[in-house]
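Here is a friendly walk through one structure for someone meeting it fresh. Have a look around before reading on.

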Amino acid sequence: MSAAVRPYAAVDLGASSGRVMVGRVGPDSLELTEVHRFPNRPVRVPEGLRWDILGLYAGVLDGLRAAGDGPASVGVDSWAVDYGLLDADGALLGNPVHYRDRRTEGVAEKVWASVPAEELYAATGLQYAPFNTLYQLTAARGTAQLAQAGRLLLIPDLLTYWLTGEQGTELTNASTTQLIDPRTRDWSHTVAERLDIDLSLFAPLRQPGDPAGELRPEVLEETGLAGPVPVTAVGSHDTASAVAAVPATDERFAYICTGTWSLAGLELDAPVLTEESRAANFTNELGLDGTVRYLRNIMGLWLLQECVRAWGDPDLGALLLEAAKVPALRSVVDAGDAAFLAPGRMPERIAEACRVSGQPVPGSPAEITRCILDSLALAHRGAVEDAQRLAGRSVDVVHIVGGGTRNALLCQLTADACGLPVVAGPTEAAALGNVLVQAGVRGQAGGLAGMRRLLTRTQLLTRYEPRGGTRRWEAARARLARD
């Protein structure tokens, strides 16, 4: 390996699996290798749905052991909003609650009684989602765990703490708590005070690129790595890392980070905090280099994942080939509807939504799959159009990154729906963004613009041109609005 090429270990945790990737970065090279993948299986216990955080940490240690040959740094990213509570001695108080747990049902109304939704959005810029950390903390008020807690650490910060013994709260993920002011990029003390949330529970804020400690001696022994191995704060919200890895050549782009969720929007220099933006359910999350991720959360490939699970895990490639033969836009559902948030019986729920809205009811797996993909493409179109209008910025191209890049039918349908070219790739965007932040701290890749130039030169990208005009998509959206 050339002396100019350095390895970095990226711990990248998704809602259904985790992985440890090794990225090797050189002046004109960027290679990513998966060294360990492990399942992320939430567990339903009598008190509700919980993350198996110890199983995840074991997977992280196994992955670092497999990384070998001395990474120059380690970074951790994961999904947002969820957290672990520590007691005064730093010990974990129970398994973290899963964001799909039902404890936040009806909580938003209690919050809005103290801080109306309009004021909350004007202060934090975050879209309403029932699982935002603010609502979770409100639901937890009065519980024994919260009463005993001396510290709250978001999931990637919790794992970083176990690796290093040092506590911090990384900013891009903190911005999903609905307790950060996106203008100051600091805590919103006014919101916290009005809702009686103790901000001292949170560790000091960190920026992407800040040092987060070194692997503890016990971790070095467990993994066989030779120390010291620094740990670097990255864009620890996986979407922040994924957006950083969008291979854009200028600012006139929209992005869709695809996976369990679709996060669709624009990268801006300042938040959009208008009432119109709130009504459209757009969020202002923080990104790298002072940017704002202005986006809408869409249910994403969760809909298809749940159907495939219900069908006994058929061959996905064959299913997509059959779905491509189904007539387009025969039936569509609202891919942002919270009715699809919970697991279980997804094929029946999608069929029922079509029946209630007076559309043809999809019956076969291929028909339901086509309904899902058409609906996602339609939701992508809506988010991209609305983001441009609300932010006052036009785009020339849509970048799709993440797991959905493997789904050629979804990428093509998104190009058709948006009436814009789609550039798909990279697939492992979150891990690449994680690696590039670490490399940038060490004088490689540069800032956000430099990272994107390196990605454009080194990653496999596929371009999809729009076909057939957008009139039928406009009609489908109008039909869905009437329903």
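A residue counts as buried under 20% relative accessible area, as exposed over 50%, and as partly exposed in between, using a 1.4 Å probe and protein chains only. This is a predicted model, where local features need pLDDT of at least 70, side-chain atom pairs count only at pLDDT 80 or more, and totals for chains, interfaces and linings use all residues. Residues are numbered from 1 along each chain as its sequence is written, and side-chain values use heavy atoms, with hydrogens and water left out.

Let's begin with aromatic rings. A pair of aromatic rings is described by the distance of the centres and the angle of the planes. Rings of Phe, Tyr and Trp (its six-membered ring) pair if their centres lie within 6.5 Å; planes under 30 degrees apart are stacked, over 60 edge-to-face, and the rest tilted. The whole structure holds 10 aromatic pairs. One of them joins Trp112 and Tyr128 edge-to-face, at 5.3 Å centre to centre and 65° between the planes. This pair links distant parts of the chain, 16 residues apart: Trp112 sits in helix α2 (residues 107–114), while Tyr128 is in the loop between α3 (117–124) and α4 (133–140). Helices here are DSSP runs of H or I with at least four residues, strands are runs of E with at least two, and both are numbered from the N terminus. Trp112 has 27% relative accessibility, so Trp112 counts as partly exposed. Tyr128 is partly exposed as well, because its relative accessibility is 36%. Elsewhere, Trp51, Trp79, Tyr99, Phe131 and Trp261 form one aromatic cluster.

How many residues of strand β19 (residues 397–402) are buried? The count is 6 of the 6, so β19 is largely enclosed by the rest of the structure. Two strands pair if DSSP finds at least two bridges between them. β19 pairs in the parallel sense with strand β15 (residues 253–258) over 6 bridges, and Val397 in β19 is the bridge partner of Phe253. β19 also pairs in the parallel sense with strand β20 (residues 422–424), over 3 bridges. There, Val398 stands opposite Val422 in β20.

Now for some backbone oddities. Most residues other than glycine have a negative phi, and most peptide bonds are trans. The exceptions below go the other way.

| Feature | Angle | Place |
|---|---|---|
| Gly227 and Pro228, cis peptide bond | omega about -5° | Pro228: loop between α9 (217–223) and β14 (230–232) |
| Gly425 and Pro426, cis peptide bond | omega about 0° | Pro426: loop between β20 and α17 (429–441) |
| Gln178, positive phi | phi near 70° | loop between α7 (171–174) and β10 (180–181) |
| Leu329, positive phi | phi about 55° | loop between α13 (316–324) and α14 (346–356) |

Buried or exposed, what is Gln178? Gln178 is buried, because its relative accessible area is 3%. Leu329 is at 9% relative accessibility, so Leu329 counts as buried too.
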